[in-house]
Amino acid sequence: MELVNFEVGPVQNNVYVVYDDTKECIIIDAPLGASIHLDKFIKENDLTVKSILITHSHWDHIGELYEIKQMTGADIYVHKDDAYRLESDKMRERLPIDIKNVSPDVLLKGGEELSFGKTKFRVVHTPGHTEGGVCFVFEEDRIVFTGDTLFAFSIGRTDFPGGNFDVLINSIKTKLLSLGDDFIVYPGHGEHTTIKNEKQHNPFIK
Ligand SMILES: [Zn+2]
Ligand SMILES: [Zn+2]
């Protein structure tokens with residue numbers, strides 16, 4: 001598989017397009033400013049969007065979810081414990097930005113094996129930053145998309161509603177560090193890293 005990343009929006013979110021030579025793709029997260037880049041990339045590469053996967057439902061990860069759904073017609077996947085925030089979110093409603101409510105198409109529990117084209121991946125539930133945070137694991141390609149659960153040399157905040165520090169650390173240790181040192185980590189914000197790097201240098205988990 002291959003991937004491309006655009007960094008967009010007021011708090012520098014990563015949006016990822018993951019595709020393979022069948023020309024099918026998935027989109028991971030849907031931040032403000034993403035749709036113009038996605039539209040161009042998808043058209044230029046003649047891709048078909050199979051699904052839109054949301055790592056968690058904080059406003060900065062779903063700012064253009066409505067627009068991207070309209071544009072692609074693809075199903076929206078979100079963990080069942082984070083779905084409520086797509087339809088009503090007090091934090092989002094206080095922002096001076098118009099972010100539309102969206103209904104999810106598929107509710108995840110964690111443990112699902114999903115695919116597009118010839119590429120398989122699995123959903124891992126990693127609560128702690130939010131109740132229903134998930135990571136997407138590409139075992140064969142040794143890649144994991146971690147949203148705001150794990151960053152290069154940092155971890156997600158746990159002071160928002162639904163956050164819990166101990167739960168987050170446990171998710172990272174049991175579900176991510178165990179993947180293998182060679183895994184490349186693509187987070188929701190900032191640079192990519194590796195599991196090995198994080199085990200050695202992340203001050204929250206080493
Ligand atoms: Zn977040
Ligand atoms: Zn975020």
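Let's start with strand β9, where four of the five residues are buried, so the rest of the structure largely encloses this strand. Keep in mind that we are looking at a predicted model.

Who are the neighbours of β9? On one side there is β8, joined to β9 by four bridges and running antiparallel. If you want a pair to find on screen, take His125, whose bridge partner in β9 is Val134. Then there is β10, which pairs with β9 over three bridges, again in the antiparallel sense. Here you can look for Phe136 and its bridge partner in β10, Phe145. The hairpin of β9 and β10 has four residues between the strands, and Arg142 takes a positive phi near 60° there.

Now let's step back to the whole sheet. It is an open sheet of six strands with mixed pairing, and the order is β7-β8-β9-β10-β13-β14. At the edges stand β7 (113-116) and β14 (193-194), each with a single partner strand, so one side of each has no neighbour in the sheet. For β7, the antiparallel pairing with β8 runs over four bridges, and Phe116 has Thr119 of β8 as its bridge partner.

Next, please find helix α6, residues 165-176. How far apart should the ends of a helix with 12 residues be? At 1.5 Å a residue, α6 should span 16 Å, and its end C-alpha atoms are indeed 16 Å apart. The buried residues of this helix are Leu168, Ser171, Ile172, Lys175 and Leu176. Seen down the axis of α6, those buried residues fall within an arc of 105°, so they line one face of the helix. There is a handy general point behind such patterns: an α-helix has 3.6 residues a turn, so residues three or four places apart point the same way.

What do the buried residues of α6 pack against? Among their partners are three strands of our sheet that you have already met, β8, β9 and β10, and the list also includes β11 (150-151), β12 (154-155) and α7 (195-201). Turned away from that buried side, the other face of α6 carries the exposed residues Asp166, Lys173 and Thr174.

One last stop, in another part of the chain. Leu32 is in the loop between β3 (24-28) and α1 (34-44). Is Leu32 buried or exposed? It has 21 C-beta neighbours inside 10 Å, and the cut-off for buried is 20 or more, so Leu32 counts as buried. Leaving aside neighbours within four places in sequence, its contacts are Val8, Gly9, Pro10, Gly63, Glu64 and Ile97.

Methods: Residues are numbered from 1 along each chain as its sequence is written. Chains are lettered from A and ligands numbered from 1 in the order in which they are written. This is a predicted model: local features need pLDDT of at least 70, side-chain atom pairs count only at pLDDT 80 or more; totals for chains, interfaces and linings use all residues. Helices (H or I, at least four residues) and strands (E, at least two) are DSSP runs, numbered from the N terminus. The expected span of a helix is 1.5 Å times one less than its number of residues. A residue is buried if 20 or more other C-beta atoms lie within 10 Å of its own, exposed if 12 or fewer, and partly exposed in between; C-beta atoms are placed from the backbone. The arc is that of the directions from the helix axis to the C-beta atoms. Two residues are in contact if their C-beta atoms, placed from the backbone, lie within 7 Å. Two strands pair if DSSP finds at least two bridges between them.
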